[in-house]
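Trainee: I would like to learn how to read empty space, helix faces and backbone angles in a model. Could we go through one case by case?

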Amino acid sequence: MVTCSTLQRNVPFGFPGVDLYSTIDLHSHSTESDGQFSPTAVVARAAENGVTHLALTDHDTVTGIDEALQAAMSHGLEVIPGVELSSQWNGRSVHIVGLNIDPEHPALTEALSALGRERDQRAEKIAERLEKLGFHGALEGAKRFAGGAVVARPHFARFLVDAGYVKSIQKAFAKYLGKGKAGDIKPAWPSMADAIHCVKKSGGIAVLAHPLSYDLTRTKLKSLISDFSDAGGEAIEVVSGDQSRQEIESLAMLAQEFHLKGSCGSDFHVDNAPWQELGRTPPLPSQCIPVWGDWAWPL
């Protein structure tokens, strides 16, 4: 069995009082969804940063997994097939990470096709709204940045920056694409329970992604985690991207309370975002049961 202690190393760390990095990163994105780098480049960057076990979890697609697996052979690390499924819970968008999935399972293939159609329709609606604001050629511009992948809001953000309408991606979201803005189109995602069921049918483990990103009160967060567990979810991301030590410890307690395993991942997307850098997250707290505990990994 793999243990936490075998998969962490002493190096300087950005969180106060933490001097360890995990060598496991189970949440990352490539150009196959809304990431900046190709699957090959993501694997290379992860290896350079000391990652030994990496999950590629692109949004609603598995098209980058074969490339990542091939690249891993040249870099001496283990790639875990994954995906990040869009879903909804009580009217809120919630993301479910599937780990150790079968990318070719019919249930997953069907679900991803439906999600792709929904994303296409959403992109068209976002473009229409941006066009009305005077940002002409938004859809074509976003498609150019998507490079053949499904168009998402970050692609529109890059278009707005490139066209000179805003100075940064952060400004694009703050003014036009973020919550409550013109480009904030609410998609008709499947239910969280359906997403969990899809992951499990494809042989994977369902993980609640970045639980603190949904802007929930403590009571509502516990309700979300309870419903996630009742629907068959097995783990939550205790460590994800930009979290404080106190937030990590709080999520570890919630994982214990609801008898869920813990996962960790950077949620890597782009360069120059150290809070979401590959291999730059703390290890799981010792009280967590690792989501990978029963996996047969070569070490």
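Mentor: What follows takes these features in turn. Keep in mind that this is a predicted model.

Trainee: Let us start with empty space. How many cavities of 30 Å³ or more does the structure hold?

Mentor: The general idea is that rolling a probe the size of a water molecule over the atoms shows where empty space is left. In this structure there is 1 cavity of 30 Å³ or more. The largest cavity has a volume of about 40 Å³.

Trainee: Which residues line the largest cavity?

Mentor: Its lining consists of Glu 32, Ser 33, Asp 34, His 59, Thr 61, Arg 119, Val 150 and Ala 152. By class, that lining has 2 nonpolar, 3 polar and 3 charged residues.

Trainee: Now the open space. What is the volume of the largest pocket, and which residues lie nearest its centre?

Mentor: The volume of the largest pocket is about 1,800 Å³. It is lined by 46 residues, and those nearest its centre are His 95, Arg 153, Phe 173, His 210 and Ser 213. The lining divides into 13 nonpolar, 19 polar and 14 charged residues.

Trainee: Which elements supply at least two residues each of that lining?

Mentor: They are β5 (78–89), β6 (92–99), α3 (106–132), α5 (153–162) and α6 (169–177). The largest share, 4 residues, comes from β6.

Trainee: Next, helix faces. Where do the buried residues of α6 fall when seen down its axis?

Mentor: An α-helix has 3.6 residues a turn, so residues three or four places apart point the same way. In α6 the buried residues are Ala 172, Tyr 176 and Leu 177. Seen down the axis of α6, they fall within an arc of 60 degrees, so they line one face of the helix. These buried residues pack against α3 and α5.

Trainee: And which residues of α4 are buried?

Mentor: Helix α4 spans residues 138–146, and its buried residues are Ala 138, Leu 139, Gly 141, Ala 142 and Ala 146. Down the axis of α4 they fall within an arc of 165 degrees, so these too line one face of the helix. The buried residues of α4 pack against α3 and α5. On the face turned away from the buried side are the exposed residues Glu 140 and Arg 144.

Trainee: What comes just after α4?

Mentor: Gly 147 does, with a positive phi of about 60 degrees.

Trainee: Which residues other than glycine have a positive phi?

Mentor: Most residues other than glycine have a negative phi, and most peptide bonds are trans. Two cases can be named here. Asp 60 has a phi near 55 degrees, and Asn 272 has a positive phi of about 60 degrees.

Trainee: Where are they found, and is each one buried or exposed?

Mentor: Asp 60 is in the loop between β4 (53–56) and α2 (65–75). With a relative accessible area of 5%, Asp 60 is buried, as buried means under 20%. Asn 272 is found in the segment after β9 (261–265). Its relative accessible area is 66%, so Asn 272 is exposed, the cut-off for exposed being over 50%.

Trainee: One last residue. Where is Ser 22 found, and what lies 3.0 Å from a polar atom of its side chain?

Mentor: Ser 22 is in strand β2 (residues 20–22). At 2% relative accessibility, Ser 22 counts as buried. The backbone nitrogen of Ile 24 is 3.0 Å from a polar atom of the Ser 22 side chain.

Terms used: Residues numbered from 1 in each chain as written. Predicted model: local features only at pLDDT ≥ 70, side-chain atom pairs only at ≥ 80, totals over all residues. Heavy atoms only, no water. 1 Å grid on protein atoms, 1.4 Å probe; cavity = no way out; pocket = protein on both sides within 12 Å on 5 of 7 lines; lining within 4 Å. Points joined across faces, edges and corners; volume = space filled by probe spheres on them. Nonpolar A, V, L, I, M, F, W, Y, C, P; charged D, E, K, R; others polar. Buried < 20%, exposed > 50% of the residue type's maximum accessible area, 1.4 Å probe, protein only. Arc of directions from axis to C-beta. Contact = heavy atoms within 4.5 Å. Polar contact = N/O pair within 3.5 Å; in protein donor to acceptor, adjacent residues only side chain to side chain.
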